[in-house]
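Q: Please take me closely through the packing in the interior of this model and the residues connected with it. I am new to the subject, so please explain each term when it first comes up.

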Amino acid sequence: DAARRIQRWDRAAELLAAAGFVVVNRAGEPALEAAELTELGFDPERTLPLEVESPDVSATAVRARVAAGQPIDGLVPPAVAAVIRREHLYSARVPRA
């Protein structure tokens, strides 16, 4: 869905002209077709549509659970959960001594 909204980004044309992209499908959705990517402004020579099977996990839901103090076990890999905890991401920051 981010690829479909790229034209709304600040300086989208500049970004599309300068960068290469890997566009990954959302869980349960097929990869974007080359024709649609071209219509959206992606250069086919610098864009790789990638279809993956991934868990149906919403980043918004993960952030909300962290902010509410709820567990995220099984929603993200253990290493990601560790970074979220260590850096106090998505929750009130605890001052460091």
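**L16 and its surroundings**

A: Leaving aside residues up to four places away in sequence, L16 touches I6, Q7, F21, L40, G41, F42 and R46, where a contact means heavy atoms within 4.5 Å. What you see is a predicted model, in which local features need pLDDT of at least 70 and side-chain atom pairs count only at pLDDT 80 or more, while totals for chains, interfaces and linings use all residues. Residues are numbered from 1 along each chain as its sequence is written, and side-chain values use heavy atoms, with hydrogens and water left out.

L16 is one of the 9 residues of the largest nonpolar core, the others being A3, I6, F21, V23, L32, L37, L40 and F42. Such a core is a set of buried Ala, Val, Leu, Ile, Met, Phe, Trp, Tyr and Cys residues joined through side-chain atoms within 4.5 Å; buried means under 20% relative accessible area, exposed means over 50%, and partly exposed lies in between (1.4 Å probe, protein chains only). There is also a second, separate core of 6 residues, among them V62, I72, V76 and I84. In soluble globular proteins, nonpolar side chains tend to be buried together.

T47 is a good place to continue, since its contacts, not counting residues up to four places away in sequence, are F21, V23, L37 and F42, and each of these four names also appears in the list for the largest nonpolar core. T47 belongs to strand β2; here helices (H or I, at least four residues) and strands (E, at least two) are DSSP runs, numbered from the N terminus. T47 counts as buried because its relative accessible area is 11%. A polar atom of the T47 side chain lies 2.8 Å from the backbone oxygen of D43. This pair is a polar contact, which is a pair of N or O atoms within 3.5 Å; within protein, one must be able to donate a hydrogen and the other to accept it, and residues adjacent in sequence count only if both atoms are side-chain atoms.

Another buried residue is N25, which is placed in the loop between β1 (21–24) and α2 (34–39) and counts as buried because its relative accessibility is 9%. The side chain of N25 has two partners in the backbone: a polar atom of this side chain lies 2.6 Å from the backbone oxygen of E29, and the side chain also reaches the backbone nitrogen of V52 at 2.7 Å. With residues up to four places away in sequence left out, N25 touches P30, A31, L50, E51 and V52.

V52 itself sits in the loop between β2 (47–50) and α3, and with a relative accessibility of 30% it counts as partly exposed. Beyond four places in sequence, V52 touches V24 and N25. V52 and R8, by contrast, are 44 residues apart in sequence, and their C-alpha atoms are 25 Å apart in space.

Further along the chain comes helix α3 (residues 59–67), whose N-terminal end is capped by S58, with a side-chain oxygen 3.2 Å from the backbone nitrogen of T60. Just after α3, G69 takes a positive phi of about 75 degrees. Most residues other than glycine have a negative phi, and most peptide bonds are trans.

With that in mind, look at the segment after α4, where H88 lies and where Y90 has its place as well. The phi of H88 is near 55 degrees, a positive value in a residue other than glycine, and Y90, although not a glycine, has a positive phi of about 65 degrees. H88 counts as partly exposed because its relative accessibility is 24%, and Y90 is likewise partly exposed, with a relative accessible area of 41%.

Finally, V80 lies in helix α4 and is partly exposed, having a relative accessible area of 37%. V80 and Y90 are 10 residues apart in sequence and 13 Å apart in space, C-alpha to C-alpha.
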